[in-house]
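Colleague: I'd like to learn how to read charge pairs, burial and surface patches in a model. Could you walk me through one?

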Amino acid sequence: MSCSGRGSTADTIEESPLLSQRPIGEGRSLDAGITRACMASAVIMCIAPLQYGYHIAELNTPKKIISTCDGDVGRWGKLPPCLPMSDTMYSMATSIFAIGGLVGSLAAGWMAERLGRRGALVYNNATYVAGPLLMALAVSPAMLAIGRFISGIGAGAAIVIAPLYLSEIAPIRRRGTLNLLNQLSIVVGILLALVVGMVANRRPLWRVSVGCGLVLACLHLAMASVAVESPRFLWARGRHAEARMVLRRLRGVTDVTDEVAAWGDSPESSAAPKPDDVELHAEGVDVTIFNIFRFSQYRVPWLLVLALQFGQQLSGINTVFYYSSTVLEKMFSSEFSSVLTVLIGVLNVVATASGALIVDRFGRRPLLLSSIAAMVVAVTLLGVGLGLHINVLAAVSLYLVVAAFAPGYGPVPFLLGTEFFDVRAASAGGSWALAANWVGTFLVAMAFLPIQNLIGEWVFAIFVVALLVCGCAFYLLIPETKGRTIEEISASFK
């Protein structure tokens, strides 16, 4: 089939401009690297998790100017310059994002299966348009919170579907590198929010800060037509000719037989099992968030991804970001502390990028376990610095924790969550994994301050113990997935 051919239906992805580029060459699909077509699709679809990162941090900097109305300030048109609210209400408006994220994560599997990976990410921009628009035009705290909740739904869906998309378009030898673009996009979004928040940290420009997500959503919608649909998704839907065409372009070679041979037949062509066999086999059966744990081949990877994502939150990484401004302001002016906080964001980006460069060379296990070991040391130092009021040690430890977390424990759970499941269970498994992440985020946020009030800075000892327990468990249970096809990895759990 010619690589510039067009599908016969309106919803085919062969309309992508990437499929009419320069002629493809000779070689085997399994030996291919990351082509320009593959990278372009990945970067464009990573605007979705970038928006997630932006929305995480968008309310951090402008808290005071949004929630208090001191001084003589004018209105911006018919919009009030601020939205007076208590700290409790502001915390609720901030944390409701996680509830929306949980909803979006649980819905993401259904979206990815019904709309396709690319299609789901495109339609998901509806939440990224509505949420920022409501926040930018908010006339009450409730309106701000509703916009935040809607943005959370989009964020929850994005961080399930984007890693799945990246793993499915990536060549086997570079799957880790391409997948870590998801986490890199998230931390770039966080950094962007910190920079915009610092620049727009005055009334009424906070509305520009929270409304910037709308610009990102429009950018994604404008560029999405260039990206291709996941060839593995197309193959699973019986659209074999389209899948081969897309795969040839993504790999830059004519021979993709070796790669598609591992995929097997589509679910539509598989014989449905007898009812008594459903407990053992998922062939021919729709795998959803409601039944994935009934299938024996998915039960172990399901438990592992839950542990990876929930354990990630038990590392206390979010409390480190919570503490960053407080610790730095004890030593420096608020203005300079803001700059140092942005530098933490820069370090986060650099460290995550370093992980993307080495994950396919050293493997997932070494990167994950070394990251956890380094976090044990860094979090211990942070607790000691805060507990003994050694501000310099506490400040340095903030950077050490981020440098330890970003290359390994940050991105690798997302990567492994897309490698443990075959195409039938990938969406449902991803939804459960991120749901565990959101639940962990919520529980740690709810429990941290009460426990800290009870035992002081010894609270960080809990994080250290959790890191040690998770590190030992992952050492014993997590397999290495480097250089293996997703089918091989999934089959190893049967």
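Modeller: Sure, we'll go through salt bridges, then two buried residues, then the surface patches. Keep in mind that this is a predicted model.

Colleague: Okay, salt bridges to begin with. What's the general idea, and how many salt bridges does the structure hold?

Modeller: Side chains of opposite charge can pair when their charged atoms come close. Here the structure holds 10 salt bridges. Take R148 and E58: their closest N and O atoms are 3.0 Å apart. R148 sits in helix α7, while E58 belongs to the loop between α2 (47-57) and α3 (63-67), so this pair ties together parts that are 90 residues apart in sequence.

Colleague: Are R148 and E58 buried or exposed?

Modeller: The cut-off to know is that buried means under 20% relative accessible area. R148 has 2%, so it counts as buried. E58 has 1%, so it is buried too.

Colleague: Which partners does R364 have in salt bridges?

Modeller: One is D360, with an N to O distance of 2.8 Å. Another is E419, where the closest N and O atoms are 2.6 Å apart. R364 lies in helix α17 (residues 364-387) and E419 in helix α19 (residues 412-419), so the pair ties together parts that are 55 residues apart in sequence. As for burial, R364 has a relative accessible area of 1% and is buried, D360 is buried at 11%, and E419 is buried at 0%.

Colleague: And which residues are linked in a network of salt bridges?

Modeller: That would be E113, R117, E168 and R237.

Colleague: Let's move on to burial. Where is S151 placed, and what does S151 touch?

Modeller: A contact here is a pair of residues with heavy atoms within 4.5 Å. S151 is in helix α7, the helix that also holds R148. Its relative accessibility is 0%, so S151 counts as buried. Leaving out residues up to four places away in sequence, S151 touches H55, F97, T127, Y128, G131, P132 and M135.

Colleague: How does V305 read by the same steps?

Modeller: V305 is part of helix α14 (residues 296-314). With 1% relative accessibility, V305 counts as buried. Again skipping residues up to four places away in sequence, V305 touches G417, F420, F421, G429 and A433. You can look at C-alpha atoms as well: those of V305 and P413 are separated by 7.1 Å, although the two residues are 108 apart along the chain.

Colleague: Now the outside. Which residues form the nonpolar patch on the surface?

Modeller: For patches, only residues with over 30% relative accessible area and no salt bridge come in. The nonpolar patch is made of M198, F332, F336, V339, L343, V346 and V350, which together have about 540 Å² of accessible area. Helix α16 (residues 334-362) gives the most to this patch, with five residues. L343 is found in that helix, and its relative accessible area of 42% makes L343 partly exposed.

Colleague: Which residues gather in the patch of positive charge?

Modeller: R173, R174, R361 and K482 gather in that surface patch. To place one of them, R173 is in the loop between α7 (141-169) and α8 (175-179). R173 has 39% relative accessibility, so it counts as partly exposed.

Methods:
Residues numbered from 1 in each chain as written. Predicted model: local features only at pLDDT ≥ 70, side-chain atom pairs only at ≥ 80, totals over all residues. Heavy atoms only, no water. Patch = residues over 30% accessible without salt bridge, like charges linked within 9 Å, V, L, I, M, F, W, Y side chains within 5 Å. Areas by Shrake-Rupley, 256 points an atom, 1.4 Å probe, with all protein chains shown as cover. Salt bridge = Lys/Arg side-chain N within 4 Å of Asp/Glu carboxyl O. Lys, Arg positive; Asp, Glu negative; His and termini not counted. Charge placed at Lys NZ, Arg CZ, Asp CG, Glu CD. Helix = DSSP H or I, 4+ residues; strand = E, 2+ residues; numbered from the N terminus. Buried < 20%, exposed > 50% of the residue type's maximum accessible area, 1.4 Å probe, protein only.
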